[in-house]
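Subject: Structure handover

Hello,

Please find the structure below. My notes on what was found in it follow.

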Amino acid sequence: MKIKILITIFIICFVNSCAYKPLYKKTNTFYPHNIKIIIKSKGKYENNASIMKLLLDEKLNSKNSKDSNLKLIVSINRNVSSMGINKDLSSDALMLVIEANYIFLDKTGKLSSGKLRNTGNFNYTTNNYANIVSMEDTSKKIIKSLSSDLADLILSLSVKRKITP
């Protein structure tokens, strides 16, 4: 019984005295002000707009942010094109291109604008369910990449004039 107690005390002391500390702290925001994120898309592309808004909001805003007039407006355009038919004539490769045009505004006007583009491809077969899943998966991966790149661009923005939230 005493041995079990000593072993548990030893394990507790060992775990609590671990020297591991993370090198980087996870910070969600560069700005102390809340950025209003508006995502626009021409069609209903699965849930691209909602995923992008969620990921950008997670990376750019925090709960402690103050309300402000900072706005990030993003327009999503999607294009699907054929890459060719395989020799066995049973599958076709499709290329999915997603472009994100963005503009970052404050109270006085435009701070930054630009265009990001990313591509992905998937096999288009005779199975309709597999085609839908492949397109959604590829689209989701591209949107994650684009939103991460866009958030990094906004966070590393250097402007010659003063930002007025």
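Asp137 has a relative accessibility of 37%, so Asp137 counts as partly exposed. The model is a predicted one, and this applies to everything that follows.

The side chain of Asp137 meets that of Lys141 in a salt bridge, with 3.2 Å from N to O. Both residues belong to helix 3 and are four residues apart there, which means that about one helical turn separates them. Lys141 counts as exposed because its relative accessibility is 54%, and the cut-off for that class is over 50%.

Side chains of opposite charge can pair when their charged atoms come close. The structure holds two salt bridges. The other pair is Lys59 with Asp152, whose closest N and O atoms are 3.0 Å apart. Lys59 sits in helix 2 and Asp152 in helix 3 (residues 128–155), so this salt bridge ties together parts that are 93 residues apart in sequence. Lys59 counts as partly exposed, at 29% relative accessibility. Asp152 also falls in the partly exposed class, at 37%.

Next, helix 2 itself. Helix 2 covers residues 48–60, and at 1.5 Å a residue its 13 residues should span 18 Å; the C-alpha atoms at its ends are 18 Å apart, so the expected span and the model agree. Which residues of helix 2 are buried? They are Asn48, Ile51, Met52, Leu56 and Leu60. Looking down the axis of helix 2, these buried residues fall within an arc of 140°, and therefore they line one face of the helix.

On the surface, Ile3, Ile7 and Ile11 make a nonpolar patch of about 300 Å². Ile3 is part of helix 1, which runs over residues 2–16. With a relative accessibility of 61%, Ile3 counts as exposed.

Some totals for the protein:

- Three helices and four strands are present, and along the sequence they follow the pattern α-β-α-β-β-β-α.
- The protein has 165 residues, of which 28% are buried.
- Of the contacts between residues at least 6 apart in sequence, 69% join residues at least 24 apart.
- The accessible surface comes to about 11700 Å², and carbon and sulfur atoms account for 57% of that surface.

Regards

Key. Residues numbered from 1 in each chain as written. Predicted model: local features only at pLDDT ≥ 70, side-chain atom pairs only at ≥ 80, totals over all residues. Heavy atoms only, no water. Helix = DSSP H or I, 4+ residues; strand = E, 2+ residues; numbered from the N terminus. Expected span 1.5 Å × (residues − 1). Buried < 20%, exposed > 50% of the residue type's maximum accessible area, 1.4 Å probe, protein only. Arc of directions from axis to C-beta. Salt bridge = Lys/Arg side-chain N within 4 Å of Asp/Glu carboxyl O. Patch = residues over 30% accessible without salt bridge, like charges linked within 9 Å, V, L, I, M, F, W, Y side chains within 5 Å. Areas by Shrake-Rupley, 256 points an atom, 1.4 Å probe, with all protein chains shown as cover. Contact = heavy atoms within 4.5 Å.
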